[in-house]
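Got the viewer open? Here is a short tour, stop by stop, with something to select at each one.

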Amino acid sequence: MKIIVPMAGRGSRLRPHSLTVPKPLIPVAGQPIVHRLVKDIAKVLKQPIEEVAFVLGDPAWFGDDVVESLEALAQSLGAKASIYRQDLPLGTGHAIMCAKESLSGPAVIAYADTLIRAEFDLDPTADSVIWTKEVENPEAYGVVKLNDKQEIVELVEKPQTFVSNQAVIGIYYFKDVAILKDKLQEVLDENVTNGGEYQINDGIKRMMADGKIFKTGTVDEWMDCGNKAITVETNGKMLQFLKADGDEQMVASSVKLENAEIIEPCFIGENVIITDSIIGPNVSIGNDCIVDNSIIKNSLIQNHTSIKNANLDEAMIGNHVKYNGNFTSVSIGDYAVLE
């Protein structure tokens, strides 16, 4: 089994956090989004992963440190890492075809700005499985249309009349991904675009037209990381899942507490110093941070950051930040938000 991960976008909706760190590498509950996604997919698949192929953008943005982290991620699954580049943002179909040398055999394609919790077996009768989540407002999503055999016969974008409540979440399984590759090559050759971009859906529709059987794989939780508010919410949900699972150490042994309380669930990284503070619930704090005289809940703080005299709720704070709630002088860069 292979996992193909297009992740070339910089993530403009998550600025300023994605100005210096590619969105898929922003940590949620202590691990980069893409790391959690790939590990959770591998867990659902319940079979060996032979290769993880990553499609990255400009090397100036996705540099050697990013490549090294992704290679280590693949190795942790016992898999080969393949790195491809998408030089121009020409759509999902184009991004997938940038990895065409890896497009053979059974594979999962997953976009790296979402997290899941799921437990299901892949349907052996299906040529492809499109992972979906039941939603209350399907008119806001791309959804699948099913026939009486519960096979997917159409993909409908933001339907104005009810089609189904199964929203497409951006994760796909193909029994032989080479078939998708051939259809996407046709899309590229014929210059079939939507909004000026080549889309995976145009390749999928051609597979359906050829009679390929598509089924749904329904996830229990679908957690987006598209903007600040939803990423903070996702961080809280993931912390709760991790606490229930009991598989990960949530608070590093190197954390130093002095007159401080941690209200679970929280993730606290290495070499964090917390004094005269209450942390939690639903807080992630990265490595080498200092927190003093603060109350922090429902928040996500990255690495090497100092927080003092703060009362924070639903906050997202990046790397190498100095925040003093009693500030009288400020230095704030582009895209910063104080509310």
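A salt bridge here is a side-chain nitrogen of Lys or Arg within 4 Å of a carboxyl oxygen of Asp or Glu. Before you click, know that this is a predicted model, where local features need pLDDT of at least 70, side-chain atom pairs count only at pLDDT 80 or more, and totals for chains, interfaces and linings use all residues. Residues are numbered from 1 along each chain as its sequence is written, and side-chain values use heavy atoms, with hydrogens and water left out.

**Stop one: a link across the chain**

There are 14 salt bridges in the structure. Select Asp245 and Arg117 for one of them: their closest N and O atoms are 2.4 Å apart. This pair links distant parts of the chain, with Asp245 in helix α6 (residues 228-245) and Arg117 in strand β7 (residues 114-117), 128 residues apart. Helices (H or I, at least four residues) and strands (E, at least two) are DSSP runs, numbered from the N terminus. Is each partner buried or exposed? Asp245 is partly exposed at 33% relative accessibility, while Arg117 is buried at 16%. The cut-offs are under 20% relative accessible area for buried, over 50% for exposed, and in between for partly exposed (1.4 Å probe, protein chains only).

**Stop two: a network**

Now select Lys183, Glu186, Glu190, Arg206 and Asp210, which are linked in a network of salt bridges. Zoom in on Lys183 and Asp210, whose closest N and O atoms are 2.5 Å apart. Lys183 sits in helix α4 (residues 177-189) and Asp210 in the loop between α5 (200-209) and β12 (214-218), so this pair ties together parts 27 residues apart in sequence. Lys183 is buried, at 13% relative accessibility.

Next, try Glu190 and Arg206, with 2.7 Å between their closest N and O atoms. Glu190 is in the loop between α4 and α5 and Arg206 is in helix α5, so the two tie together parts 16 residues apart in sequence. Glu190 is partly exposed, at 48% relative accessibility.

**Stop three: a lone cysteine sulfur**

How many disulfides does the structure hold? Zero, where a disulfide would be a pair of cysteine sulfur atoms within 2.5 Å. Select Cys289 and Cys266: the sulfur of Cys289 has its closest cysteine sulfur in Cys266, 13 Å away, which is too far for a bond. Cys289 is buried, with a relative accessible area of 1%.

**Last stop: helix α2**

Finish on Glu71, which lies in helix α2 (residues 64-76). Glu71 is partly exposed, with a relative accessible area of 31%.
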